[in-house]
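Here is a protein chain to read slowly, with its sequence and its model side by side. Which features can be worked out step by step?

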Amino acid sequence: MANTHNREGFRSADDSGTLVPSRSLTITVLTEQARPMSFDELTEYFALSSKNERTAYFSRLDRMAERGMLLCDRRKRYSLPRKMDLVVGKVLGHPKGFGFVIPDDGGDDLYLHPNQMRRVLHNDKVLAVVSRIDSRGRKEGKIVEAIVDLNREILGHYFEEGGVHFVDPDDARYGREIVISADAVNGATPGEVVAVKITKHPIEHRHVVGKIIEILGKQLEPGMETDIAIRKYELPHRWPEKVDSQLKVMAKELAAVDYDKGADASRKDIRALPLVTIDGSDARDFDDAVYAEKTRSGWRLVVAIADVSHYVQPGSALDAAAYERGTSVYFPNRVIPMLPEELSNGICSLKPDEDRNCMVCDMRFASDGELESYQFYAAVMYSHARLTYEEMASIVVEKAASARNKRGKLCKNLDELYEFYSVLVSQRKKRRTIDFDFPEPLFVFNEQQKIERVERRERNDAHRIIEECMLAANVCAATFIESKSSKGGIYRVHEGPDEERLTDLRAFLSGFGLQLGGGNDPTAEHYSDVLDALEDQQELAPLIQIVLLRSLKQAVYSADPLGHFALNYDQYTHFTSPIRRYPDLVVHRLIKQIVGAKGSKFYGPKGESLGSIGEHTSSTERRADEATRDVAQWLKAEFMQAYVGDEFDGRISGVKEFGIFVELTDFFVDGLVHVTMLGNDYFHYDPKHFLMTGERTGVKFRLGGKVRVKVLRSDIDTGKIDFGLISVDGKAMVSDSGKKPKLHSKGRASEKGKNAANKKPSKPNKSKGRRKR
């Protein structure tokens, strides 16, 4: 075989630095050869003779096969899936036994019959072909090959029956038990939650066989819900050995910033500027600091962000681990950080009274808040105070003497920051953004890490000060990159509604006497008009806001600057949280390249385009959101087990064909009243108006309606809470027997529920939360 490519398309291997054929060159050669090729044939073609070259290239081919870019058949030949009309995708199992292949390229899903699902597992990467079109018009798939991941951990409960050992996965989508040989139990006792690795996969064996690699304990032990979610959603939570090795090498650099002895002429010294951090009381990583002052012509705002890119270089073990995680994951009582604590809570955290490297967005505004100019630069800063939201509000809103005396001269700067915030708010109102304000749950734990209460997280003007400052810096970063970067950029994109969603939304709003303007192309201003009309319906506002939000598409990261619909920006990105979001780290690297600051010539993992980085980080963000929602629901279900049999007032927070969801007034908890529990009638569901109507009685269950319910059951395995209906709008429902259900005296919750609701923990440990910007 003649090698016509020489070494033009050779790239450094990720680990060793050895030059081997790139992924694109490998695909080009396989396309030109028009046949599968073995490893020996490929290495001969590329004239790879040394052991290092062959080892590095084998690793590259192996990774390409893991990603589904290549197929390695049972004769150990590499081929291109698209040449074989194969669909590359991930299996999505269903508890009822069937499943789907979700194609990587975004094409139509393939339905998998239960017979095909017996050959694979939920979450498997597979190669499949379209076998037929079924009677419902669906493409039905046949599994050709599964890319077996022997490192995957599956969580479940261990059991032993009749001498047979097995684990029942907690995720019902696996749809089968995992057989454990007697010598692979590793000390587990029946009923314990364990982590399992697959040793025999169903693609080659009849049964799924595994070994227990970790015993997590009993289900109700504190923190178990988070351990389960971590494994269920396959969240990376252990640092690879290469990361530990890199941290040891960097130990001196990570100990402190020694700017005075350094030789970084591109970094500006702004340590005299009284920058402060404002965060939650339980925050440990401080990635942003702010300062504002009045000028002769208007305002100056300085936003300083931790310079993570100084320490995390593309191609390093740290960068690979951060990219894999994509984002920090904030559970109610635990954080899975994107970066090791030596960085996230150490050298990259803008701690008070310590020098820190940072990236700065320095902005000038007119007196009315109109942005006039901005500049980005690398700097060294010194945080003059670490403030909590509560302390900041006490200083600038409440003007509390004790709080102001504590901060002395800083108060003048903080007052100006608050004054400038009101100017930014005026600009925001002029811009007519969609100002959603959704309450978040706050879990309050006792000293035994058991839940005492579930409350709504309170927000004050101090939260909003930081949000407005971060928005300003993010917009400048997007505009700067879009206009200056030769490599392109990565943006936060939020698109508007499509025609079908608009039709359904307008039908729903009409039931409340509300209208959405804008015809087929509404803007944020039209949505804002609807929110303004809700000022007289404050009890319904949160519920209607949810429906408005669901009419819009989900925000994602993209290489295309398509704007942010809700914020009403033409370009928008994330610059302000590189400690916990990988896209922000990419933005920092791009800005450094533009301004000529010291840094890498690469913006992310080698070989990854900005588009692929956007897709990957959007996926990791969704994964984190789903995992945290699971844990929150699990905790709510555990909390409500103490109230089974008790009655509570609530509001209808959702209407589906199978019943109504009710959010309790006493707690920030919701549950389901199944349609069979709504009364002795036939009920008809109207999805456009979020309405359930009784055919005979005419009783209506509408979003926002007042009801009283009884807690029937609370299942922590599924996170589901079931209610029974007691009354609607104060009118008692009649049971099938014709008797009205018995109410507690004075229509209140039982003494057990009432006392527990009012009980205060001795030392509450409030759950961690992250800012949403």
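Q: In what order do the three strands of the open sheet stand?
A: The model is predicted, and it holds an open sheet of three strands whose pairing is antiparallel. Strand S32 (683–686) and strand S34 (700–702) stand at the edges, each with a single partner strand, so one side of each has no neighbour in the sheet. From one strand to the next the twist averages 15 degrees. The order is S32-S33-S34.

Q: Which residue in S33 stands opposite Asp686?
A: Strands in a sheet are paired through hydrogen bonds of the backbone, in either a parallel or an antiparallel way. Here S32 and strand S33 (residues 691–694) run antiparallel and are joined by four bridges. The residue in S33 that stands opposite Asp686 is Leu691.

Q: How many residues apart are Arg271 and Asp355, which meet in a salt bridge?
A: The side chains of Arg271 and Asp355 meet in a salt bridge at 2.9 Å, taken from N to O. Arg271 belongs to the loop between strand S16 (267–269) and strand S17 (276–279), whereas Asp355 belongs to strand S22 (residues 355–366), so that the pair links distant parts of the chain. Arg271 is buried, as is Asp355. Along the chain, the two are 84 residues apart.

Q: Are Arg407 and Glu391 buried or exposed?
A: Arg407 forms a salt bridge with Glu391, and the closest N and O atoms are 2.7 Å apart. Arg407 is in helix H11 (residues 401–407) and Glu391 in helix H10 (residues 389–396), with their positions 16 residues apart in the count along the chain. Both Arg407 and Glu391 are buried.

Q: Is Asp529, the salt-bridge partner of Arg432, buried, partly exposed or exposed?
A: The closest N and O atoms of Arg432 and Asp529 are 2.7 Å apart in their salt bridge. This pair also links distant parts of the chain, with Arg432 in the loop between helix H12 (410–431) and strand S25 (441–445) and Asp529 in helix H15 (residues 524–533), 97 residues apart. Because the relative accessibility of Asp529 is 36%, this residue counts as partly exposed.

Q: Which residues are linked in a network of salt bridges?
A: The count of salt bridges comes to 44. A network of such bridges links Glu153, Glu214, Asp227, Arg231, Arg238 and Arg334.

Q: Leaving aside neighbours within four places in sequence, with which residues is Ser618 in contact?
A: Ser618 has its place in helix H18 (residues 610–640). Its relative accessibility is 4%, and therefore Ser618 counts as buried. Once the neighbours within four places in sequence are left aside, Ser618 is in contact with Val556 and Tyr557.

Q: What is the phi of Ala34?
A: Most residues other than glycine have a negative phi. Ala34 is found in the loop between helix H1 (23–33) and strand S3 (37–38), and at 62% relative accessibility Ala34 counts as exposed. Although Ala34 is a residue other than glycine, its phi is positive, near 55 degrees.

Q: What is the phi of Lys76?
A: Lys76 lies in the loop between strand S4 (71–72) and strand S5 (77–79). With a relative accessibility of 57%, Lys76 counts as exposed. Lys76 is not a glycine, yet its phi is positive, at about 60 degrees.

Note on methods:
Residues are numbered from 1 along each chain as its sequence is written. This is a predicted model: local features need pLDDT of at least 70, side-chain atom pairs count only at pLDDT 80 or more; totals for chains, interfaces and linings use all residues. Side-chain values use heavy atoms; hydrogens and water are left out. Two strands pair if DSSP finds at least two bridges between them. Axes are lines fitted to C-alpha atoms, for helices over the stretch in contact, and angles run from 0 to 180 degrees between N-to-C directions. A salt bridge is a side-chain nitrogen of Lys or Arg within 4 Å of a carboxyl oxygen of Asp or Glu. Buried means under 20% relative accessible area, exposed over 50%, partly exposed in between (1.4 Å probe, protein chains only). Contact means heavy atoms within 4.5 Å.
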